[in-house]
Amino acid sequence: MSDNVLRINNKMIDPGAEFENPVYVYLAGLAKGSLRAQTKALETCAGILANSEQVDPVNFPWFKMTPGRALYLRTQLSERYAYTTCNRMLSAVRKVLHLS
């Protein structure tokens, strides 16, 4: 097992492998120390957008994101987190959207 293995909803993921999913591609480009935080950020953002607590960011339809949904997400994050955390989480979403 590789040192870079992480879990998304208890499913083991090797971010060093080549994937077509934008979430996997994004996570594969991160440093080892950022994997958990950014994985959790994507899980949280997908959960907010789906109005659910348990959402797998890998299967979330990021390509359906609209400007209105992005504004909703930003508002929800800013109400729950410090601005630096909010910006870090939005950055993860922005990069996944760019890859999708």
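The following paragraphs describe the fold, the second largest pocket, the cysteines and selected residues of a predicted model.

Residues are numbered from 1 along each chain as its sequence is written, and side-chain values use heavy atoms, with hydrogens and water left out. Because the model is predicted, local features need pLDDT of at least 70 and side-chain atom pairs count only at pLDDT 80 or more, whereas totals for chains, interfaces and linings use all residues.

The secondary structure of the chain consists of four helices and two strands, where helices (H or I, at least four residues) and strands (E, at least two) are DSSP runs numbered from the N terminus. Along the sequence these elements follow the pattern β-β-α-α-α-α. Of the 100 residues in the chain, 38% are buried, a term that means under 20% relative accessible area, while exposed means over 50% and partly exposed lies in between (1.4 Å probe, protein chains only). The accessible surface of the chain comes to about 6300 Å², and 50% of this surface belongs to carbon and sulfur atoms; such areas come from the Shrake-Rupley method with a 1.4 Å probe, and for residues only the protein chains shown count as cover. Among the contacts in the chain with a separation of 6 or more, 50% join residues that are 24 or more positions apart, contact being defined as heavy atoms within 4.5 Å.

The second largest pocket holds about 180 Å³ of space. It is lined by 12 residues, of which Lys40, Glu43, Thr44, Glu53 and Gln54 are the closest to its centre. On a 1 Å grid over the protein atoms alone, a pocket is an open set of points where a 1.4 Å probe fits, with protein on both sides within 12 Å along at least five of seven lines, and lining residues have an atom within 4 Å of a point. Grid points are joined across faces, edges and corners, and the volume is the space filled by probe spheres set on the points. Helix α2 (residues 35-50) provides the largest share of the lining, with five residues. By class, the lining has three nonpolar, five polar and four charged residues, where Ala, Val, Leu, Ile, Met, Phe, Trp, Tyr, Cys and Pro count as nonpolar, Asp, Glu, Lys and Arg as charged, and the others, Gly among them, as polar.

Two residues of helix α2 illustrate its surroundings. Thr44 lies in this helix and, at 15% relative accessibility, counts as buried; leaving aside neighbours within four places in sequence, Thr44 is in contact with Tyr81 and Met89. Gln38, also placed in helix α2, is buried with a relative accessible area of 7%. With neighbours within four places again left aside, Gln38 is in contact with Tyr26, Leu27, Leu30, Arg88 and Ala92. Gln38 and Val93 are 55 residues apart in sequence, yet 9.3 Å apart in space, C-alpha to C-alpha.

A disulfide is a covalent bond between the sulfur atoms of two cysteines. The structure holds zero disulfides, a disulfide being counted as a pair of cysteine sulfur atoms within 2.5 Å. The sulfur of Cys45 has its closest cysteine sulfur in Cys86, at 8.2 Å, and these atoms are therefore too far apart for a bond. Cys45 is buried, with a relative accessible area of 0%, and Cys86, at 5% relative accessibility, likewise counts as buried.

In contrast to these buried cysteines, Asn51 counts as exposed, at 61% relative accessibility. The phi angle of Asn51 is near 55 degrees, a positive value in a residue other than glycine.
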